[in-house]
Amino acid sequence: MSRVALINPHWQFEGSIYFGCRSPHLPIELGVSQHLLQRAGHATLLLDAHMFELTTSDIRAELASFKPDLVVITTAPTYLFWRCAPPELRVPQQLITAIRDLAPTIVAVGPHGSTTPRAALRKLGAEFVVMGECEHSVLRLANGERGFAGLCYAEGEDVRVNGGPQAAPFIDQPALSWPDEMIRRHHHHHHRFEADPVGPGAEVEASRGCPYHCTFCAKENFRDAYRRRPPAVVLDEVAALRDQGAEYVYFIDEIFLPNAELLQGLVGRGLKFGVQTRIDLWKPEMLELLGRAGCVSIEAGIESLTPEGREALAKNCRMTTDQLADRLIEARRHVPFVQANLIEMPQDDDPVVQRWRARMLDAGVWANDPVPLYPYPGSPDYRKLWGMPDDSAWERAHQHYLALFDRFSDVQEQRPVPLAELELQAVR
């Protein structure tokens, strides 16, 4: 049996493109990995350095005591990497350097290795990079397997990329459990205008992947096919979190689709929750149920206010802009905070956008100043510009992003800095 340490680093965001969701998130993929490893008889140590504000010295002390055979480190602080993941690898890279002598085998998981595996392996200095969803690959590595699909690793002087990103079954994922102290510490902003975060809180993953194919999303390289866990299992997980004192849950799903059985099961639990979704998928009666179930926050992807703009993004939206506005206003009748997410699109006239934003604000719906589109490596937008990602894909995308826009959105707290400059910054 193996001894496996699973580490979520202590993230830093100064100068990064990562914005809007900086409070700690439960490391769900590491939690699932831990469950599978323990069920197979492996010893595990889960360190959430971000949640517990652990220093490198703290992590080294824990590893020295645990004596792992395998150390797994994630390369992004949240599963919503396609929207707000930092392109630089400075935090995990510097952590790996600091613990190298305590970690016989290091495994990197997350979106960077899924998109640019060779570059991630080289920059991080890991023995293995997992492409795609990591949970079952981590278990196979702990079992002593090597060379299966979804791995990148050194083979002599060469680097082998064995197949492409792999998906996990997911629908058989059990109800996760977390230490009481993690839940007690977890205070989550359920929207950006709340003075104090609600809490204690947690994240829950009711579904994974997305059935849509928007051009800005890099899900094909990391989380693609839509899968949904049985509502009863999700409700068991939520019930356990409620018993631990959780007051708020954020459904971390790439897209939270209408699910009457799950929502009806949440009614009366006294739990607040937030979702991100597409408002055109929700009928008025389902929005009423969503609010009654405890939803306090909706982030709805509108993206563009013109049919041409939405078509350019492959939104496959069958509603008009006026119908979308009406549905957002209907949602606001039942849910305290509703946000319409907008992307900077050449098809949209700025005065029209600002008038629409003012109309939404008058109705109690917040619409952001349109966000510049980051061409995430692996997304259709990236491929349209440059083809398939190569080892310099993140650098190329970042340089393009910074050069294209002279102003940034009101959801961004600071202007991002060049990637080379970011990667030179020391981690505290």
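Helix α8, residues 135-142 of this predicted model, lies across five strands: β1, β3, β4, β5 (128-130) and β6. Its direction makes an angle of about 165° with β3. Another helix, α3 (residues 56-66), also comes up below, once the sheet has been laid out.

**The sheet**

So what is the strand order? Going across this open sheet of seven strands, you read β2-β1-β3-β4-β5-β6-β7, and the pairing is mixed. β2 (43-48) and β7 are at the edges with a single partner strand each, so one side of each has no neighbour in the sheet. On average, neighbouring strands here are turned by 20° against each other, if you ignore direction. Helix α3 packs on this sheet, where it touches β1 (3-8), β2 and β3, and its direction makes about 175° with that of β2.

As a bit of background, strands of a sheet pair through backbone hydrogen bonds, either parallel or antiparallel. You can find an example of each kind here:

| Strand pair | Sense | Bridges | One facing pair |
|---|---|---|---|
| β3 (residues 70-74) and β4 (residues 105-109) | parallel | five | V71 and I106 |
| β6 (residues 151-155) and β7 (residues 158-162) | antiparallel | five | L151 and N162 |

β6 and β7 form a hairpin with two residues between the strands, and G156 in that hairpin takes a positive phi near 70°.

**Helices α12 and α14**

Now look further along the chain. Helix α12 (residues 284-293) contains L290. Is L290 buried or exposed? Its relative accessibility is 0%, and buried means under 20%, so L290 counts as buried. Which residues does L290 touch, leaving aside neighbours within four places in sequence? They are F256, L263, F273, W282, C295 and I298. You can also compare L290 with N259: the two are 31 residues apart in sequence, with 9.2 Å between their C-alpha atoms.

Helix α12 also packs with helix α14 (residues 321-334), at an angle of about 30° and with the axes 8 Å apart. Angles under 35 degrees count as roughly parallel, so that is the label for α12 and α14. Their crossing is right-handed. From α12, the residues P284, L287, E288 and G291 meet R327, E330, A331 and H334 of α14. Sort this contact by class and you get three nonpolar, two polar and three charged residues.

Conventions. Residues are numbered from 1 along each chain as its sequence is written. This is a predicted model: local features need pLDDT of at least 70, side-chain atom pairs count only at pLDDT 80 or more; totals for chains, interfaces and linings use all residues. Side-chain values use heavy atoms; hydrogens and water are left out. Two strands pair if DSSP finds at least two bridges between them. Helices (H or I, at least four residues) and strands (E, at least two) are DSSP runs, numbered from the N terminus. Buried means under 20% relative accessible area, exposed over 50%, partly exposed in between (1.4 Å probe, protein chains only). Contact means heavy atoms within 4.5 Å. Axes are lines fitted to C-alpha atoms, for helices over the stretch in contact, and angles run from 0 to 180 degrees between N-to-C directions. Angles under 35 degrees count as roughly parallel, over 145 as roughly antiparallel, 65 to 115 as roughly perpendicular and the rest as oblique. A crossing is left-handed if the near helix is turned anticlockwise from the far one by less than a right angle, and right-handed if clockwise. Ala, Val, Leu, Ile, Met, Phe, Trp, Tyr, Cys and Pro count as nonpolar, Asp, Glu, Lys and Arg as charged, and the others, Gly among them, as polar.
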